[in-house]
Amino acid sequence: MDKLKAVDFNALDVSGRVDFILLKRNIQNDEYDLEQDEKDYQHYSYALPFADEIVTLQQNRRRGQRPGSMAIAKAFYDIQMEIAKAKSAVLKTPLPDKNSLNKTMETLEELRNGLKNIYTFYNGYDPGFTWWMKKTYPDTDSSLAAYTTWLSLQPVAKADKAMDSSGIIGHPAGLEKIDQLLQSEMIPYSPDELTKIAYKEFAWCDTEMLKASRQMGFGNDWKKALEKVKEDYVAPGDQPQLIDHLEEHAIAFIDSLGLVTIPPLAREAWRMDMLTTQEQKLASYFLGGPEILIAYPTDEMNYESKMMSLKSNNLGFANAEVYHELIPGHNLQYFMERRYKPYRRVFSTPFSVEGWAFYWEMTMWDKGFDNTPEKKIGSLFWRMTRCARIIFSLNYHLGKWTPQQCIDYLVDRVGLERASAESEVRRSFTGGYGPLYQLAYMFGALQMHALHHEMVDSKKMTDREFNDDFLHENTMPIEMFRAIITKQKLAENFTTQWRFYDK
């Protein structure tokens, strides 16, 4: 922060000011995280009384310090003795909760790896070290391994319990954390405002879904129309060929309208892979990034699971999702991020990453890509899912809904297969995603959509110029991209203020 303060902010152009503001934000976030880590460590440090000794040994190793072989052997032996004391301390005062236990186990594994690093560095090179450690190191490593196993079996003071029959164990963030994250992500809306926007977008989806349902002959019973779309799937083994066809079709459509520049290498290098049965418990649809990961039934699934997977990955759903994961979505985005201002990837935000991919779903809809009622229903299903993600994730993290209520909401309100809804909720709360991740699809896309209206619909930029510029600036909060292309004169004490939703 001292170095940053020495920079002449007023001498920077708008792009430099954006980097300054985002770097300052990252440093402040890191400071906050370090403080939280320190607080957390105080809750379980008594279970690792040998930690400081191992850290000191590792620091000396990193500088290549010649070890006092007998002294370092004693230090390793002392660790074995400290483990016995640690066990007594844990038996007397159990770790407070499962989160503390997990962090203790993670730290213990890092410390064990640190000792291994010390041993492999000196062993065989330093004769004294090698002689003293031939038996001492294996004994110490075995003691740490045994302690790890023992620790994993110990009860905690406050055991985590599933909130309901779903069996899903998560950790709701709470209002204070949600507000802090929204400020960091430059989203100037409260959770209540975000929920109201989600309901407005849902209402738009309902209207369009009814139109498509009527065109298919199902009147206002859009769920019957949705079920009809789900029945249109390819046979097992044929899904990869469908993916290839749908992606090439999307690329041809984009090329015909000149919407974005797609480099020849990007066209050539996109690829696909299959999700395992186990992976599909967290992701019953496509995943993506550098490649598209395909969810489709495997021989290990029972009949019910196979049918749910087939119906969940039908042609209509796939038509709207393949280009989300590949080109012009995540695959093109990651391709360009490695080539344009790659230093900005430290400013990455799901509102930019997922927002970009979902923005293309909105764009393809606006451009007429979904030209049949079945394709429209497939696209609307995903848009409704994005709305529902906002509603169920905020309600969960604010302590209003349980995981089972979230699952039921996805099934009843959007029409997900139950197994797919369960994997969706499980992934949201136990898959390592932040509390705002599920909001990011819709709100990142709405930011992009609003900015597109401001810049392209007004004829200030073409579609290609707008989309290429976004990719060339790399990932960042979309309000900062807006500042760059509108050449705003940002203040050093900038705070988020762009109210991008005015419907």
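**Overall fold and one helix pair**

In this predicted model, contacts between residues 24 or more positions apart make up 75% of the chain's contacts with a separation of 6 or more. Put simply, three quarters of that set link residues at least 24 positions apart along the sequence. Of the 503 residues in the chain, 51% are buried.

As for what the chain is built from, the secondary structure adds up to 21 helices and three strands. Lined up along the principal axes, the C-alpha atoms take up a box of roughly 80 × 65 × 45 Å. The chain has an accessible surface of about 23700 Å², and carbon and sulfur atoms account for 52% of that area.

Now for a look at one pair of helices. Two packed helices are described by the angle and the distance between their axes. Here the pair is α16, covering residues 373-397, and α19, covering residues 437-455. Their axes come within 8 Å and cross at roughly 135°. An angle between 115 and 145 degrees counts as oblique, and therefore α16 and α19 are oblique to each other. The crossing of this pair is left-handed.

Which residues of α16 and α19 make the contact? On the α16 side they are R383, R386, C387, R389, I390, S393 and L394. Helix α19 brings in Q438, L439, Y441, M442 and F443. Sorted by type, the residues of this contact come out as seven nonpolar, two polar and three charged. The charged ones are the arginines of α16, R383, R386 and R389, while the polar ones are S393 of α16 and Q438 of α19.

Definitions and conventions
Residues are numbered from 1 along each chain as its sequence is written. This is a predicted model: local features need pLDDT of at least 70, side-chain atom pairs count only at pLDDT 80 or more; totals for chains, interfaces and linings use all residues. Side-chain values use heavy atoms; hydrogens and water are left out. Axes are lines fitted to C-alpha atoms, for helices over the stretch in contact, and angles run from 0 to 180 degrees between N-to-C directions. Helices (H or I, at least four residues) and strands (E, at least two) are DSSP runs, numbered from the N terminus. Angles under 35 degrees count as roughly parallel, over 145 as roughly antiparallel, 65 to 115 as roughly perpendicular and the rest as oblique. A crossing is left-handed if the near helix is turned anticlockwise from the far one by less than a right angle, and right-handed if clockwise. Contact means heavy atoms within 4.5 Å. Buried means under 20% relative accessible area, exposed over 50%, partly exposed in between (1.4 Å probe, protein chains only). Accessible areas come from the Shrake-Rupley method with a 1.4 Å probe; for residues, only the protein chains shown count as cover.
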